[in-house]
Amino acid sequence: MVKIRRKKITRVVADMSRVQLAVLGHSPTQFESLSHRDWLFPTYLDRLDLGFYNDYQENHWAEGRAFLCDSLFNYSKYDYVGVVSASWNNKFYSPRLEKIDRHEHIHKLFDNKTVLTAMIEPFSMWKKVFTNLGFVNGSKVYDFVKSYSKGMNTNKFVPLSNQVICHKSIYKDLCNFHKSVVEDIKKFVDKYGDVEGNEVTRSRKYAYIVEAMTMAYFESKDYNYIPVAKLNPQWYNPKTATKRYQDDNRQNK
């Protein structure tokens, strides 16, 4: 019997020297599972210098604050940048964040038209999510965000949870968009963003609107969106989410 030798497939690791990812967190425990890589930049959210937008330097905005920070990246040194959660290795799996350079689609990042992200979902998900999160005016909040993308295709799959890795030109345009709408978000949420029965949502109600705004923005663009991770099914378990909120509060006191 003739033995057939299978050719071993060797995956070429991407050159990450022009890549920098800001790993965003607000407590030391979030960074505990993260292994060192030159292209990963641990970043405490409450230490960001927001300059003109410093009035929004509050935990209510969570990771959305990063889009307002002009000094987050050195664009003269890095051509590909991104913001990812310090909780990545707990919230997502396959791959771990420090192994993303070995992902089968990592090389597509360098075509300058691709946005890598953890997961993709349609904007239409927010129609139920805003209400499920406890927003009293869930439908009104949904329509508010939707209005920022003309003729939106709500079923188009786009990056979820503000996990964005892309060419610096794409990222800078996204930041400029968020700077243009942040005041609108603040005024709207202060007027219509009441939350009932969910302390976790109340503690970061602006942040959820920013997440939805990112999805509305990307819906209007013709980029290639590639998801590279899978969600830990326990992440959105109400008891798990409440425990994270309580632990964060204890650490921030």
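**Three helices and a nonpolar core**

Let me begin at the centre: the largest nonpolar core in this model has 81 residues, and those with the most contacts inside it are Val83, Tyr171 and Ile209. I should say at once that we are looking at a predicted model, so please keep that in mind as we go. As for the chain as a whole, it has 7 helices and 10 strands, and buried residues make up 51% of its 253 residues. If we take the contacts in the chain with a separation of 6 or more, 75% of them are between residues 24 or more positions apart.

Let me stay with one of those core residues, isoleucine 209. Which residues does isoleucine 209 touch, once we set aside residues up to four places away in sequence? The list is Phe130, Phe135, Val141, Phe144, Val145, Ile185 and Val189. Some of these names will come back when we turn to the helices.

For the helices, a general remark helps: two packed helices are described by the angle between their axes and the distance between the axes. With that in mind, we can take the three pairs in turn.

The first pair I have chosen is helix H3, residues 138-146, with helix H6, residues 205-219, whose axes come within 9 Å and cross at roughly 40°. That angle makes H3 oblique to H6, and the crossing is right-handed. On the H3 side the residues that meet the partner are Val141, Phe144 and Val145, while on the H6 side they are Ile209, Ala212, Met213 and Ala216. Sorted by class, this contact of H3 with H6 has 7 nonpolar residues, with no polar and no charged ones.

Next comes H3 with helix H4, which covers residues 168-192; here the axes come within 11 Å and cross at roughly 165°. Why do we call this pair roughly antiparallel? The reason is that angles over 145 degrees are counted that way, and so H3 is roughly antiparallel to H4. The crossing of H3 and H4 is also right-handed. In this contact, Lys140, Val141 and Phe144 in H3 meet Asp184, Ile185, Phe188 and Tyr192 in H4. By class, the contact of H3 with H4 has 5 nonpolar residues, no polar ones and 2 charged ones.

The remaining pair is H4 with H6, where the axes come within 9 Å and cross at roughly 135°. These two helices are therefore oblique to each other, and their crossing is right-handed. From H4, the residues making the contact include Ile170, Leu174, Phe177, Ile185 and Val189, and from H6 they include Tyr206, Ile209, Val210, Met213 and Phe218. By class, the contact of H4 with H6 has 11 nonpolar, 2 polar and 4 charged residues. You will notice that Ile209, which is among the core residues with the most contacts, appears in the contact of H6 with H3 and again in the contact of H6 with H4.

Now let me turn to two individual residues. Is threonine 201, which lies in helix H5, residues 199-203, buried or exposed? Threonine 201 is buried, with a relative accessible area of 1%. Not counting residues up to four places away in sequence, threonine 201 touches Leu133, Phe135, Val195 and Tyr208.

The other is leucine 40, which is found in strand E2, residues 40-44, and which, at 7% relative accessibility, counts as buried. Leucine 40 and leucine 21 are 19 residues apart along the chain, yet their C-alpha atoms are separated by 5.0 Å. Leaving aside neighbours within four places in sequence, leucine 40 is in contact with Leu21, Val23, Leu34, Ser35, Leu97 and Glu98.

I will finish with the backbone. Most residues other than glycine have a negative phi, and most peptide bonds are trans. Against that background, the peptide bond from serine 94 to proline 95 is cis, with omega near 5°, and proline 95 sits in the loop between strand E4, 92-93, and strand E5, 114-117. The loop between E4 and E5 also holds asparagine 112, which has a positive phi of about 70° although it is not a glycine; at 34% relative accessibility, asparagine 112 counts as partly exposed. Asparagine 162 likewise has a positive phi, near 60°, and is found in the loop between strand E7, 157-159, and strand E8, 164-167. At 6% relative accessibility, however, asparagine 162 counts as buried.

Terms used:
Residues numbered from 1 in each chain as written. Predicted model: local features only at pLDDT ≥ 70, side-chain atom pairs only at ≥ 80, totals over all residues. Heavy atoms only, no water. Axes fitted to C-alpha atoms, helices over the stretch in contact; angles between N-to-C directions. Helix = DSSP H or I, 4+ residues; strand = E, 2+ residues; numbered from the N terminus. Parallel < 35°, antiparallel > 145°, perpendicular 65-115°, else oblique. Left-handed = near helix turned anticlockwise from the far one by under 90°. Contact = heavy atoms within 4.5 Å. Nonpolar A, V, L, I, M, F, W, Y, C, P; charged D, E, K, R; others polar. Buried < 20%, exposed > 50% of the residue type's maximum accessible area, 1.4 Å probe, protein only. Core = buried A, V, L, I, M, F, W, Y, C linked by side-chain atoms within 4.5 Å.
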